[in-house]
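Dear colleague,

I am passing this structure on to you, and my notes on its side chains follow below it. Please read them with the coordinates open.

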Amino acid sequence: MQVEDILGRHKRLKDARRTWESHWQELAEVMLPRRADFTTQQMPGQRRQEHIYDGTPMLARRGLASAIDGLLKPKTAKWFKIKAQDEDLAEDEEVKRWLEGAEERLYRAIYNRRARFIQRSGEVDDDLVTFGTGALFIGEAKDLDRLLFKSFHLRDVILVENADGEIDTVYISMKLTARQAASKWGEAALGDAVKEALSSKESEKQFPFLWCVAPRKDRDRGRRDSENMPFASIVIDVTAEKEIEKSGFHEFPFAVPRWDTTSGEVYGRSPGMIALPDANTLQQMGKTLLVAGHKAVDPPLLVGDDSVFGTPKTFPGGITTFDMQAARDLGRIPIEPLQTGSNLPLGREMQNDTRDQIWAAFFRNVLQLPVDAPRMTATEVLERKEEFIRTIGPVFGRLESDYLAAVVERSFMILLRAGAFPEPPEALRGREIQFDYASPVEQARKQIEAAGAARSVELMGPFVQADPSIMDNFDGDAIARDTPDIFGMPSKWIRPEAAVAELREARQQAQQVEALPEEARAGADVVQKLAQAAGAGQT
């Protein structure tokens with residue numbers, strides 16, 4: 001890819017996205033003010049909430065972003081599992097333990113405080129629920145000793161889809177000081193303007209750079225060096241129109257979650273867009289009710305002409321002198337509040353209705369469904385969880401695919417190439433693995449299935465009493481071995497199948513001996529001891 005082609009394509013894509021930017025600006029102003037610089041330039045530290053009269057849209061946005069973190073990727077629970085794709089291999093105890101160990105190492109690497117996953121993914125969650133699109137980079141730190149996650153302002157990110165509707169190209173605009181650029185890429189690689197700033201003691205002057213990550217068309221598939229990897233990475237000094245770094249990635253290094261997509265649109269749509277009309281209305285209501293409240297508490301005054309000496313003193317302790325004759329003529333004191341006819345209760349009612357609409361757009365009523373209320377029966381709890389899954393399940397299913405899968409699979413491959421895992425068992429080498437996402441949403445789905453099984457057994461209770469052989473239709477071992485997945489229990493707490501078989505055989509032999517007459521039982525004990533002694537002698 002030539003520098004001119006990259007810069008030209010980026011400019012065309014940026015121009016075509018202007019409509020989105022004005023929409024995002026309007027969303028940010030009422031829901032995420034710190035991002036409200038898509039079409040206007042803001043100074044660092046500048047106040048950005050002067051025109052907000054009601055914080056409900058910001059609270060609703062924060063609530064949904066927090067719910068995404070808690071439901072999709074909670075730090076307090078394992079939200080992904082690694083399994084062998086082959087079902088028979090997946091039951092191998094040695095393979096299961098190796099994969100469980102790999103899960104633990106991967107989990108620790110993602111949540112390493114220096115990897116910054118919690119902070120950066122939280123910023124992406126905010127962008128996702130507000131604008132409908134987020135961008136998270138999954139890579140390695142400069143010293144290659146840990147994972148490193150980065151988020152980017154959507155203002156600086158341009159996305160491109162491939163023919164299958166997947167994001168496979170990202171352009172990121174960056175502004176770095178001359179000193180930062182020299183530290184990152186080396187002074188020799190930079191353009192003349194940046195070098196001049198470094199030499200003239202203007203090292204804190206900022207310059208624009210463009211980073212492009214895209215599929216590499218021309219490459220030698222037999223080589224695995226940085227310039228023949230599947231995805232090209234090119235950094236350009238925009239001022240000098242000069243390529244200053246060229247490398248590559250084994251996998252697409254970005255997770256680009258989109259809340260909702262529409263055919264023909266690259267960028268996602270969000271709950272914030274649904275709430276935007278009500279959010280704007282709420283700000284106008286807040287402003288109007290604030291003015292009305294001021295008038296009700298400190299109303300304007302009616303003062304008779306030439307009946308009051310000087311200006312009425314409305315401050316505490318103020319004394320206003322008026323003409324007694326004017327008061328006698330009027331039949332009242334010649335100062336009274338102006339009745340504006342405001343209806344504050346009606347205004348508050350309308351305001352609360354609008355707030356409820358905003359909360360609904362951000363799924364507040366849905367996200368509160370799984371809570372087990374006091375005195376709820378097991379059936380009622382199950383029904384509420386089923387309603388929760390029906391409503392929120394499709395949305396979170398998309399996020400698991402585009403968001404969590406990209407984070408986990410890319411992180412796993414980075415650690416695998418770095419040798420962060422022990423040698424896998426012989427049976428697993430060269431075999432495919434898969435990632436399952438055990439988020440609370442998925443856990444709720446599995447628990448619904450388990451509850452359904454329990455209800456089925458309960459329903460058949462009377463029939464089982466009449467014919468106990470009915471229980472032969474149920475595979476108790478299979479149910480027991482699925483329990484760790486259903487309730488998040490470590491698989492190492494379950495005995496290997498071979499150990500279970502030995503335990504049952506020993507129990508059966510003990511029961512058979514117990515059933516023998518006393519003389520035969522004594523002989524069996526002698527035979528058993530001789531067999532044990534013979535086995536010890538052979539070892």
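**Side-chain contacts and rings**

In this predicted model, the side chains of Asp156 and Arg155 make a polar contact with each other, at 3.0 Å. Asp156 belongs to the loop that runs between strand S3 (147–151) and strand S4 (157–161), and because its relative accessible area is 18%, under the 20% limit, Asp156 counts as buried.

Turning to the rings, the structure contains 25 aromatic pairs, and one of them joins Phe412 and Phe421, which are stacked with 5.1 Å from centre to centre and 25° between their planes. Phe412 and Phe421 are both buried. Elsewhere, a cluster linked by ring pairs takes in Phe137, Phe152, Trp211, Phe231, Phe249, Phe252 and Phe254.

Rings also lie beneath charged groups: the charged end of Arg364 sits over the ring of Trp359, 4.1 Å from the ring centre, while the charged end of Lys78 sits over the ring of Tyr107, with 5.5 Å to the ring centre.

On the surface, Val457, Met471, Phe474 and Ile479 make a nonpolar patch of about 300 Å². Of these residues, Phe474 lies in the loop between helix H15 (461–466) and helix H16 (476–487), and its relative accessibility of 31% is why Phe474 counts as partly exposed, since that class covers values between 20% and 50%.

With best regards

Definitions and conventions. Residues numbered from 1 in each chain as written. Predicted model: local features only at pLDDT ≥ 70, side-chain atom pairs only at ≥ 80, totals over all residues. Heavy atoms only, no water. Phe/Tyr/Trp six-rings, centres within 6.5 Å; stacked < 30°, edge-to-face > 60°. Buried < 20%, exposed > 50% of the residue type's maximum accessible area, 1.4 Å probe, protein only. Lys NZ or Arg CZ within 6 Å of the ring centre and 35° of its normal. Patch = residues over 30% accessible without salt bridge, like charges linked within 9 Å, V, L, I, M, F, W, Y side chains within 5 Å. Areas by Shrake-Rupley, 256 points an atom, 1.4 Å probe, with all protein chains shown as cover. Salt bridge = Lys/Arg side-chain N within 4 Å of Asp/Glu carboxyl O. Helix = DSSP H or I, 4+ residues; strand = E, 2+ residues; numbered from the N terminus. Polar contact = N/O pair within 3.5 Å; in protein donor to acceptor, adjacent residues only side chain to side chain.
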